[in-house]
Amino acid sequence: MTELHDPATFRTALCAWLDDNDLSPPPGDDSLEAHHAQHLRVLKALYDAGWMRYGWPESAGGLGGPDVLRAILGEEVVGRRLDHPGPHSMLDVLTPTMIDYARPELAAEMVPKLLSGQESWCQGFSEPGAGSDLASLTTRAEQRGDRWVINGQKVWTSFAQFATRCVLLTRTGGPDTPNHQAITAFFVDLDSPGITVRPLRTMHGVDEFCEVYFDDVEVDASRMLGKPGDGWQLAMDLLPYERSTCFWQRIAYLYSRFDTLIGEVKRVGQSVDADLGEAYLALHTLRCRSRDTQYRLADGHKLGADTSIDKVLLAGAEQHFYDTVRGLLPGIVELEDTDWRTEFLYSRAASIYGGTAEVQRNIIARRLLDLGRE
């Protein structure tokens, strides 16, 4: 239905369908396992009805149309609290990577499994000694015939305990190979012998992040994404998606929480127009910037260092919003076991995950403002 390739028509039809089909999470279970089950349930329903296929190329099982259709879908689904922004955002990070770098037949086989909720994937980039500095990663892949053998460790791997497969960065070059040219990506089955996944308990009480160990893990050469040494460029192409469409979904979630905050503030009789206004202004500024990013992506522009601006604005707006929650609802963070407490603690990492605020500001200074390295 090519008429649905028009963004306004697509949104109207999608909203009508969501109004008629109740995908609300079952009540009573707020565990990470329940969130994951809900994520897969929502994906299956959206894929079966065709919505999840719009904005993706037909060669990978999609129904075509502009990329902005995916942003609209994520905004409506996450904004209605049908799915959480974390797992939903992985779709717009990993799917373009598969389409751009995997063999066409592998992408055609695997992408529909991800979009339909048959599988979940994760992203194996960060290591204990290589977070924002990906070029220094040490997980190594060595070629043995038509297979590669991988050894090393990844950390902060979101939702790895639920994932079927992993987009993994490894080091393949020799000692004289420049760091950026020595990185190669693979698409690894996480049930392969030699892989151990260990969830990490964080201060916000949710085991979202994991350590993943690779001990002599064999991967067929056909699972390489791109060519040897393409891993750095793959990462550079992936990260802008992490800071664009995914952020649009996160913004939709924050707006829904802003509406919830207004209701709770009214309930306790607070008069806080200035505080709420500042929080809203930060969110609205972020949304305006992110909207521009979505339309540049939809117009075929290649995203790059400019998405570091989006990342800095997101971290600032999210932390400012939850600081406002803490100020307007005294004791809600320190004394009560509520979603507000969990989300406040999680927001402290907003200036770290996806590239630290310091690294993003350096990128803006050097690559956008040409201020040099000092």
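In what follows, Ala, Val, Leu, Ile, Met, Phe, Trp, Tyr, Cys and Pro count as nonpolar, Asp, Glu, Lys and Arg count as charged, and the others, Gly among them, count as polar. This grouping will be needed when we come to the cavities of the structure, which is a predicted model.

We begin with the chain as a whole, in which eleven helices and eight strands are found. Its radius of gyration is 21 Å, close to the 21 Å that the globule rule gives for 374 residues, so the chain is as compact as a globular protein of that length. Measured out along the principal axes, a phrase used here for a computed extent, the C-alpha trace spans about 70 × 50 × 45 Å. Of the 374 residues, 52% count as buried, and the accessible surface of the chain comes to about 16800 Å², with 51% of that area belonging to carbon and sulfur atoms. The contacts within the chain can also be sorted by how far apart the partners lie in sequence: among those between residues at least 6 apart, 71% join residues at least 24 apart.

From the chain as a whole we can turn to the spaces inside it. Rolling a probe the size of a water molecule over the atoms shows where empty space is left. In this structure there are two cavities of 30 Å³ or more, and the largest of them holds about 110 Å³ of space. Its lining is made up of 13 residues, and those that lie nearest the centre of the cavity are H39, P87, M90, S120 and W121. Two elements, α2 (32–48) and α4 (85–101), give two or more residues each to this lining, and it is α4 that provides the largest share, with four residues. Sorted by class, the lining of the largest cavity has nine nonpolar and four polar residues, while charged residues are absent from it.

One of the residues nearest the centre of the largest cavity, S120, deserves a closer look. S120 is placed in the loop between α5 (104–115) and β1 (121–124), and because its relative accessibility is 9%, S120 counts as buried, the cut-off for that class being under 20%. Leaving aside residues up to four places away in sequence, S120 touches H36, H39, L40, L114, F162, A163, T164 and R165.

The second largest cavity contains about 70 Å³ of space. Around it stand W51, M52, Y54, W56, R70, L73, H88, L91, D92, L115 and Q249, a lining to which α3 (68–79) and α4 each supply at least two residues. Here too the largest share comes from α4, which contributes three residues. By the grouping given at the start, the lining of the second largest cavity divides into seven nonpolar, two polar and two charged residues.

Finally, two residues can be picked out by their backbone angles. W156, in the loop between β3 (147–154) and β4 (165–171), has a phi near 60°, which is a positive value in a residue other than glycine. D370 likewise has a positive phi, near 55°, and is a residue other than glycine. D370 lies in the segment after α11 (357–368), and with a relative accessible area of 67% D370 is exposed, since that class begins over 50%.

Note on methods:
Residues are numbered from 1 along each chain as its sequence is written. This is a predicted model: local features need pLDDT of at least 70, side-chain atom pairs count only at pLDDT 80 or more; totals for chains, interfaces and linings use all residues. Side-chain values use heavy atoms; hydrogens and water are left out. On a 1 Å grid over the protein atoms alone, a cavity is a set of points where a 1.4 Å probe fits but cannot get out, and a pocket is an open set with protein on both sides within 12 Å along at least five of seven lines; lining residues have an atom within 4 Å of a point. Grid points are joined across faces, edges and corners, and a volume is the space filled by probe spheres set on the points. The radius of gyration is taken over C-alpha atoms; the globule rule is 2.2 Å times the number of residues to the power 0.38. Buried means under 20% relative accessible area, exposed over 50%, partly exposed in between (1.4 Å probe, protein chains only). Contact means heavy atoms within 4.5 Å. Accessible areas come from the Shrake-Rupley method with a 1.4 Å probe; for residues, only the protein chains shown count as cover.
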